Amino acid sequence: MNLIKYKTQKENDLISIVEEDQFIISGGNLTTPQSVEKIMKEIFHIHKETEEYIYELCLNSKLKPIGIFEVSHGTVNQSLISPREFYQKALLAGAAYVIAIHNHPSGCCTPSSEDHKITKKLKEAGQLIGVTLIDFIIIGDERFSFKEKDFL
């Protein structure tokens, strides 16, 4: 299966998605925290980054990956994200479901109070527009899944 990395681009005052890269991945299920962590470490090396990144995995109504976006690239201990930009990408891709993925360069994957706040905002915004946030995964030396901990 191919996983396509997209970016947004403005052309003639309209925003669209543009293919940035393509990766061949084994298996088709990217809905479990384990499978997402594996791909993010093997392909994007997110656990080795020295700054915070936020990615968005977009899935169709059958939970098959449509594509992945780098939503934000921050500093050593923070990264900005807003529901508007996050869901703009999902809507342009035609996603029914999304998974947010975020790294902690410190290696400690315990969510911060900001991680809890943005997860709540993303969940609420998704509910309003009909795109379901199925997980927010933090990757460090280990993994933290809001879904696994019943925070979503």
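The following dialogue explains how to read the sheet, helices, salt bridges, burial and cysteines of a predicted model.

Reader: On what terms should the model be read?

Author: This is a predicted model, in which local features need pLDDT of at least 70 and side-chain atom pairs count only at pLDDT 80 or more, while totals for chains, interfaces and linings use all residues. Residues are numbered from 1 along each chain as its sequence is written, and side-chain values use heavy atoms, with hydrogens and water left out.

Reader: How many strands form the sheet, and in what order?

Author: Strands (E, at least two residues) and helices (H or I, at least four) are DSSP runs numbered from the N terminus, and two strands pair if DSSP finds at least two bridges between them. Here 7 strands make an open sheet with mixed pairing, in the order 2-1-4-3-5-6-7. At the edges are strand 2 and strand 7 (143-145), each of which pairs on one side only. Ignoring direction, neighbouring strands of this sheet are turned by 25° against each other on average. Axes here are lines fitted to C-alpha atoms, for helices over the stretch in contact, and angles run from 0 to 180 degrees between N-to-C directions.

Reader: In what sense do strand 3 and strand 5 pair?

Author: Strand 3 (residues 53-59) and strand 5 (residues 97-103) are antiparallel, with 6 bridges. Tyr55 stands opposite Ile101 of strand 5.

Reader: Which strands does helix 1 touch?

Author: Contact means heavy atoms within 4.5 Å. Helix 1 packs on the sheet and touches several strands, among them strand 1 (2-11), strand 4 (65-73) and strand 6 (132-139); its direction makes about 55° with that of strand 6. Helix 2 (residues 83-93) lies across strands including strand 1 and strand 4, and runs at about 155° to strand 4.

Reader: How many salt bridges are there, and by what rule?

Author: A salt bridge is a side-chain nitrogen of Lys or Arg within 4 Å of a carboxyl oxygen of Asp or Glu. The count by this rule is 9 salt bridges. In one of them, Glu37 meets Lys41 at 3.0 Å, N to O. These two residues are 4 residues apart in helix 1 (residues 33-42), so about one helical turn separates them. In helix 3 (residues 113-129), Glu114 and Lys117 are 3 residues apart, about one turn of the helix, and their closest N and O atoms are 3.4 Å apart. Also in helix 3, Lys120 and Glu124 are 4 residues apart. Salt bridges that share partners join Glu37, Lys41, Arg143 and Glu148 into one network.

Reader: Is Glu37 buried or exposed?

Author: Buried means under 20% relative accessible area, exposed over 50%, and partly exposed in between (1.4 Å probe, protein chains only). Glu37 is buried, at 13% relative accessibility. Lys120 is exposed at 55%, whereas Lys117 is partly exposed at 48%. Thr31, in the loop between strand 2 (14-24) and helix 1, is buried at 16%. Among the residues that Thr31 touches, not counting those up to four places away in sequence, are Leu59 and Ile99.

Reader: How many disulfides does the structure hold?

Author: A disulfide is a covalent bond between the sulfur atoms of two cysteines. The criterion is a pair of cysteine sulfur atoms within 2.5 Å, and the structure holds 0 disulfides. The sulfur of Cys108 is 6.2 Å from the closest cysteine sulfur, in Cys109, which is too far for a bond. Cys108 is partly exposed, at 42%, whereas Cys58 is buried, at 0%.
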